[in-house]
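Let's look at a protein model together and ask what stands behind the words used to describe it. Here it is.

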Amino acid sequence: MRPDQEIIQHWIEPNSRVLDLGCGDGSLLAHLTATKNVKGIGLEIDDDKIQSCVERGINVIDQDLDDGLGNFQPDSFDTVLLAQTLQALSHPDRLIDEMLSIGKRGIVTFPNFGNWKSRLYLSSKGRMPVSKFMPHSWYNTPNIHFCTVRDFDALCAEKNIRVLERTVVDLKHEGSWSMRLLPNLLGEIAIYHIARG
Amino acid sequence: MQETVQETMQDSIAFDAADSVGIVTPQRYHFDEPLTLRSGKTLSAYDLMVETYGELNDNRSNAVLICHALSGDHHAAGFHSNEDRKPGWWDSAIGPGKAIDTNKFFVVALNNLGGCAGSTGPTSIDPDSGKPYGPDFPVVTVRDWVKSQHRLMLKLGIDKWAAVVGGSLGGMQVQRWAISYPDCLANAVCIASAPKLSAQNIAFNEVARYSITSDPNFHAGRYLEHGTYPKQGLMLARMVGHITYLSDSAMRAKFGNAGSQLENTTRGNLGRDLRSGNLSFGLNVDFEVESYLHYQGERFSANFDANSYLLMTKALDYFDPSVDYGGDLAKAFEGGDCKFFLVSFSTDWRFPPERSRELVETLLKAGREVTYLEVEADQGHDAFLMPIPRYINALRGFLNHAFEEITRDAS
């Protein structure tokens, strides 16, 4: 299980309705179904990942998040998840609006571009950061909208979105007192639990 | 909408292949209880022709119903004899180890009422007159078919289908099962279908019907009594239908393989293969596609009853389960807990992906469990009968998981 998934599962209520945007191979929904008896649906566009979902009995809809979520009814989910996908969307702000329209709560996780390693890479090399965690070059990356913890805080404030919980972790999903003190500098993955204001 | 462009592919399939259900024998089931139809008319008694593949398990939980489309019948898989050249219409998906795995499931396929492959229909003898029903056979709807399928289910000793599966008009029957008998199916597999026809769909059906009814040999539907049948009309109906089941790209591929004979461009010849190599400068058949349509029309008209064709197209046109729910289809799907599995194909312009997405949206609104795949395929509407890997693998994955659930529930 990915580090962010390990943490967000604790924010999901038993027997609740969950929509996982960019659900991958369905492993998180499978885990939540087995441990919390959630009623889950995933959206995915990768053929092989969709096949994995189908084989493990996870409901999955072949749908591009950039086309929006207009086919879902308002308030039809308890939680809408957007894990490690925000930065790959054409209109991340619009999708967050839609998430909080169709779901009571939202969970968003993203790689924090404000992390000191990214800052150091850019300031010392003068080139866009490439790492094991973010392995793409600037011209072929699916990640077109990187943001920092402070950027996301600002977006939430602007949209009157309530941040119920915010946590930052490193790639081993370990938090620390220093990360809590300086999340934008030290956190590698940002994890937000949000709701309408 | 079947037995179309797949002949060449199926020529290599043999009745003794390890993944074939082999030689199968259809069975006739007789029903004495009168069936009141949607129109208000009643069929006092009727027969259904049925084929089954695989074994029903001890707790009768592994049965899968296959619903056929416009021109299909009960012969969905296997061969009727060693000499049979072609297998059933969905042999690519039904058999041991195939997507609808007969090692796991007991598969039931039938010919719907009003058909012409042995179930009671316009060519059957009307007990009241002693003559073929012909045009007097009542109009049957998808709802009527599903009602008769439900009676068949009970006769077979089955309480609940593991899955009801169908493409196109067959997918409409799947929807109707989920609405009329929500407790009688665990999974609904609805492929290349739509919640109702569009004006364009109905228009194509009307062209087909008009070409049949305007044929001088139609005799107001009593052609059998006149010892003839509306061959030209049926041919034309099938030719038009056939064009709509294929995509532009499928036709280019099918009729453009011989390379360019008219234009030597790198983009190919757009499927304009010539039949003889020369233009006739007359009204003869010049292009392969023309010859193909003539062949398909001829073959179809010799094997399919015109009145049945008219009935099937009417059943398509009339399908709209939302009518009982004030136009809100989501309300229709609110009862029941079966899981839905839907697939559409990118070049299908008869039932395009938008129509399946409409259905997905409706099912989500009704709070139902849905899986939906939009498959890239060149073959148009006919794709639902083709062994397209992404589609077939997903169908297999879905049904295998369904089987695991059934066996787990039983243990």
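The questions below set values against definitions, chain by chain and residue by residue.

Q: What kind of model is this, and how are its residues and chains labelled?
A: This is a predicted model, in which local features need pLDDT of at least 70 and side-chain atom pairs count only at pLDDT 80 or more, while totals for chains, interfaces and linings use all residues. Residues are numbered from 1 along each chain as its sequence is written, chains are lettered from A and ligands numbered from 1 in the order in which they are written, and side-chain values use heavy atoms, with hydrogens and water left out.

Q: How do you know whether the radius of gyration of chain B agrees with that of a compact globule?
A: The radius is taken over C-alpha atoms, and the globule rule is 2.2 Å times the number of residues to the power 0.38. For 411 residues a compact globule would come near 22 Å; chain B has 21 Å, so the two agree. Along the principal axes, its C-alpha atoms fill a box of roughly 70 × 55 × 50 Å.

Q: How many helices and strands does chain B have?
A: Chain B has 11 helices and 12 strands. These are DSSP runs numbered from the N terminus: H or I over at least four residues for a helix, E over at least two for a strand.

Q: Why is B:Ser168 called buried or exposed?
A: Buried means under 20% relative accessible area, exposed over 50%, and partly exposed in between (1.4 Å probe, protein chains only). B:Ser168 has 0% relative accessibility, so it counts as buried. This serine sits in the loop between strand E9 (163–167) and helix H3 (169–180) of chain B, and its phi is near 60 degrees, a positive value in a residue other than glycine.

Q: And what makes A:Asn37 buried or exposed?
A: A:Asn37 counts as exposed because its relative accessibility is 51%. Its phi is also positive, near 55 degrees, and again the residue is not a glycine. A:Asn37 belongs to the loop between helix H2 (27–36) and strand E2 (39–44) of chain A.

Q: How do you know that helix H2 of chain B has the span expected of it?
A: The expected span is 1.5 Å times one less than the number of residues. H2 (residues 142–155) has 14 residues and should therefore span 20 Å; its end C-alpha atoms are 20 Å apart, which agrees.

Q: What makes H2(B) mostly covered?
A: In H2(B), 10 of the 14 residues are buried, among them B:Trp145, B:Leu152 and B:Met153. The helix is followed by B:Gly157, with a positive phi near 75 degrees.

Q: Why is A:Thr79 called buried or exposed, and what does it touch?
A: With a relative accessible area of 4%, A:Thr79 is buried. It lies in strand E4 (residues 77–83) of chain A. Contact means heavy atoms within 4.5 Å, and, not counting residues up to four places away in sequence, A:Thr79 touches A:Ile12, A:Arg17, A:Val18, A:Leu19, A:Arg105 and A:Ile107.

Q: What makes B:Val370 buried or exposed, and which residues are in contact with it?
A: B:Val370, in strand E12 (residues 370–375) of chain B, has a relative accessible area of 0% and is therefore buried. Leaving aside neighbours within four places in sequence, its contacts include A:Asn59, A:Val60 and A:Ile61 of chain A, as well as B:Val360, B:Leu363 and B:Leu364. Those last three are also buried residues of H10(B).
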